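User: I've got a structure I'd like to talk through with you. Can we take it step by step, from the overall fold down to single residues?

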Amino acid sequence: MNNKEFITALAAKTGYTQADTQRMLNTLFNAMTSHLQEDTSVVLPTIGTFEVKKKMERIIVNPNTKQRMLVPPKLVLGFRPASQFKDELKKGEVKKGED
């Protein structure tokens, strides 16, 4: 499902226009981004927790040339699903295309 399909489905479910739905999602993602940039985790109770994790610099070896390279440190976005969400997925309660 791409962004346009997602917005269309969400707008149909909520009764808002597609433009309003897109604005609401953009506002949500902008707020999440600003909190994550401040190194604060974002918790959505029934979905899970988004947090920025720091990966330390490390040395890797190219398997073809056997050359060692230094990979610089970086920040990555991590997601930890809520136990309720995981349980629903295991039970099959959240189905693909479910309305």
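User: How many helices and strands are there in the protein?

Analyst: Keep in mind that this is a predicted model. Along the sequence, the elements run α-α-β-β-β-β-β-α. The count for the protein is three helices and five strands.

User: What radius of gyration does the protein have, next to a compact globule of 99 residues?

Analyst: Start with the box: along the principal axes, the C-alpha atoms fill roughly 55 × 35 × 25 Å. A compact globule of 99 residues would come in near 13 Å, but the radius of gyration here is 19 Å.

User: What percentage of the residues count as buried?

Analyst: The cut-off for buried is under 20% relative accessible area. The accessible surface adds up to about 8,200 Å², with 56% of that belonging to carbon and sulfur atoms. Of the 99 residues, the buried share is 13%.

User: How far apart are the centres of the positive and negative side chains?

Analyst: There are 16 positive and 11 negative side chains in the protein. Take the centre of each set, and the two lie apart by 10 Å.

User: In which sense do strands S3 and S4 pair?

Analyst: S3 covers residues 58-61 and S4 covers residues 68-71, with four bridges between the two strands. Arg58 stands opposite Val71 in S4. The pairing sense is antiparallel.

User: Which residue in the turn of that hairpin has a positive phi?

Analyst: S3 and S4 form the hairpin, with six residues between them. The one we're after sits in the loop between S3 and S4, and its phi is about 60 degrees although it is not a glycine. That residue is Lys66.

User: Is Lys66 buried or exposed?

Analyst: The bar for exposed is over 50% relative accessible area. Lys66 has 61%, so it counts as exposed.

User: Where is Asp39, the other residue I noticed with a positive phi?

Analyst: Phi of Asp39 is near 65 degrees, positive in a residue other than glycine. As for its place, Asp39 is in the loop between H2 and strand S1 (42-44).

User: Why does Thr21 count as buried?

Analyst: Thr21 is found in helix H2. Leaving out residues up to four places away in sequence, Thr21 touches Ile7, Leu10, Ala11, Thr14 and Tyr16. Thr21 is buried because its relative accessible area is 2%.

User: And Ala31, how does it count at 36% relative accessibility?

Analyst: Ala31 lies in helix H2, residues 18-37. Buried needs under 20% and exposed needs over 50%. At 36%, Ala31 falls in between, so it counts as partly exposed.

User: How far apart in space are Ala31 and Thr65?

Analyst: In sequence, Ala31 and Thr65 are 34 residues apart. From C-alpha to C-alpha, the separation in space is 44 Å.

User: Which residues does Thr49 touch, not counting those up to four places away in sequence?

Analyst: Thr49 has its place in strand S2, residues 48-55. At 11% relative accessibility, Thr49 counts as buried. Its contacts are Ser41, Val42, Val43, Gly78, Phe79 and Arg80.

User: Back to the whole protein: among contacts between residues at least 6 apart in sequence, what percentage join residues at least 24 apart?

Analyst: A contact here means heavy atoms within 4.5 Å. Take the contacts between residues at least 6 apart, then pick out the ones that join residues at least 24 apart, and the share is 31%.

Terms used:
Residues are numbered from 1 along each chain as its sequence is written. This is a predicted model: local features need pLDDT of at least 70, side-chain atom pairs count only at pLDDT 80 or more; totals for chains, interfaces and linings use all residues. Side-chain values use heavy atoms; hydrogens and water are left out. The radius of gyration is taken over C-alpha atoms; the globule rule is 2.2 Å times the number of residues to the power 0.38. Buried means under 20% relative accessible area, exposed over 50%, partly exposed in between (1.4 Å probe, protein chains only). Accessible areas come from the Shrake-Rupley method with a 1.4 Å probe; for residues, only the protein chains shown count as cover. Lys and Arg count as positive and Asp and Glu as negative; His and the chain ends are not counted. The place of a charge is taken as NZ of Lys, CZ of Arg, CG of Asp or CD of Glu. Two strands pair if DSSP finds at least two bridges between them.
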